[in-house]
Amino acid sequence: MSLVLAAALVFVAPSRAQQAPAAAADNDIRIGNIMPYTGPLAAFATIGRAEAAYFDMINDRGGINGRKIKFISVDDSSNPKTAMEQTRDLVEKQNVLLMFGSFGTPDNLATRTYLNEKKVPQLFVASGDETWAQPRTFPWTMGWQPTFRAEGRIYANYIQASYPDRKIAVLWQNDQFGRDLFKGLQEGLGDTAGMIVADLAFDASETRIENQLGILKASGADILVFDGAPAIAARAIRSAANLDWHPVFILDNASASIASALRPAGLQNSLGVISTSFLKDAGDASWKEDPQIKAWFAFMDKYFPDGDKDDLYAVFGYAAADTLLQVLRQCGDDLSRDNVMRQAASLKNYHAPVALPGIVINTSPQDFRPIEQMRLVQFDGAAWQPIGDVIDSAFTTVREDN
């Protein structure tokens, strides 16, 4: 009898340890995060730095329900294997309550099964892949931003409305990110997908893009859709100008940073570039007197003074961290992982302070897509200017929830 009891205790003890409230031991809320602070995608690390600064601000204001936030953000150099190792360390040694805002599709895919098996929330993944919205299969994983595929459909709709007889070339990053947006573009064009006369893929590690631009120019295309990381986006914009090729240049939202893409490309070369947005552009003069943008500038001055106010990723990190703050507010005193997920899946018409008007965050146990609206924007040489109204129709036909 005693042997049976001893065996039962050995079995139960690890289970209890895994389910213990990770943040309670030292009266803080431990949040884990993976970012590419080094490597080819290091430009996106601004997101993590802005999030860290945001939580510093919240702690200075007293924290959440009397608890301070301990944001533990580590580097994985965009390596899925390293992401897995770092995530395991954060969960099992650092005792984080949840993972938040980790960057990239391959890295989050590498850790998703582990986090779901451990029942650790993987919230507001910094990737537009549709796979983060599978609440039945992966109930502990949730995205945040609009999907790449829906973004591609928006560009298709814009081209059909504004340039119905123009030829299209596509330069896309050869990974899930690039394929999703390209797929959405093709779907949105539908029967007119023959407008795409050329497409070329490139690896994220490539440092030169001139040959591909020359081939695409020779195709006779009048429109270039670029889908890739900001450093290569800058080279593509600059190379097109050097080739004296001036197509309608459509740039993916992930690279629509003035600091990381347009300024390195040359602001004059970037004039007229079209993209999408769901967040306010702090450099847009129309927001000069906006109270929330004023608050964002004050935040940058005090908590992120080394940050670039023209960097879209600083705004992104601020807005994503604010969304997590709302979830934690809703949790009240119940900071169990179950309740964190329950509150993350019950956001109702929440408007992040730096989100564009009309962009609201909604979730439910069946809908793990917090943001499903975007707006077309065009660069005027200094800031992004809106084109038309907020768009959500492109999102309604790509829902493939499990």
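Reader: Which residues of strand β10 point one way, and which point the other way?
Author: This is a predicted model, and β10 covers residues 274–277. All four of these side chains are buried, whichever way they point. One way go Ile-274 and Thr-276, and the other way go Ser-275 and Ser-277.

Reader: Staying with β10, which residue in β11 is the bridge partner of Ser-277?
Author: β10 and β11 (residues 374–379) run antiparallel, joined by four bridges. Look along β11 for the partner of Ser-277, and you land on Arg-375.

Reader: How many of the six residues of β11 are buried?
Author: The cut-off for buried is under 20% relative accessible area. β11 is largely enclosed by the rest of the structure, because of its six residues the number buried is five.

Reader: And on the β12 side, which residue is the bridge partner of Leu-376?
Author: β12 spans residues 384–391 and is joined to β11 by five bridges, running antiparallel. The two strands form a hairpin with four residues between them, and Gly-381 in that turn has a positive phi of about 100°. Within β12, the partner of Leu-376 is Ile-387.

Reader: Over to the open sheet of five strands: what is its order?
Author: The pairing here is parallel. Its edge strands, each pairing on one side only, are β2 (68–75) and β5 (141–143). From one strand to the next the twist averages 20°. Read across, the order is β2-β1-β3-β4-β5.

Reader: Which residue in β3 is the bridge partner of Gly-32?
Author: Take β1 (residues 28–35) and β3 (residues 98–100), which pair in the parallel sense over two bridges. On the β3 side, Gly-32 is matched with Met-99.

Reader: What angle does the direction of α4 make with that of β4?
Author: α4 packs on the sheet and touches β3, β4 (122–125) and β5. Taking the direction of α4 against that of β4, you get about 155°.

Reader: Then at what angle to β4 does α11 run?
Author: α11 lies across β1, β2, β3 and β4. Against β4, its angle is about 145°.

Reader: What is the volume of the largest pocket?
Author: Its lining takes in 28 residues, and Leu-41, Phe-44, Phe-103, Gly-104 and Phe-177 are the ones nearest its centre. By class, that lining splits into 17 nonpolar, nine polar and two charged residues. The volume comes out at about 450 Å³.

Reader: Which helices each supply at least two residues of that lining?
Author: Two of them have already come up with the sheet: α4, which packs on it, and α11, which lies across four of its strands, β1, β2, β3 and β4. The helices you're after are α4 (105–118), α6 (176–189) and α11 (312–331).

Reader: Is Met-195 buried or exposed?
Author: Met-195 sits in the loop between α6 and β7 (196–202). Leaving out residues up to four places away in sequence, it touches Ile-159, Tyr-163, Pro-164, Arg-166, Lys-167, Ile-168 and Leu-189. Its relative accessible area is 11%, so Met-195 counts as buried.

Reader: What distance separates the C-alpha atoms of Met-195 and Gln-160?
Author: Along the chain, these two are 35 residues apart. In space, their C-alpha atoms are separated by 9.8 Å.

Definitions and conventions:
Residues numbered from 1 in each chain as written. Predicted model: local features only at pLDDT ≥ 70, side-chain atom pairs only at ≥ 80, totals over all residues. Heavy atoms only, no water. 1 Å grid on protein atoms, 1.4 Å probe; cavity = no way out; pocket = protein on both sides within 12 Å on 5 of 7 lines; lining within 4 Å. Points joined across faces, edges and corners; volume = space filled by probe spheres on them. Nonpolar A, V, L, I, M, F, W, Y, C, P; charged D, E, K, R; others polar. Pairing = 2+ DSSP bridges. Axes fitted to C-alpha atoms, helices over the stretch in contact; angles between N-to-C directions. Contact = heavy atoms within 4.5 Å. Buried < 20%, exposed > 50% of the residue type's maximum accessible area, 1.4 Å probe, protein only.
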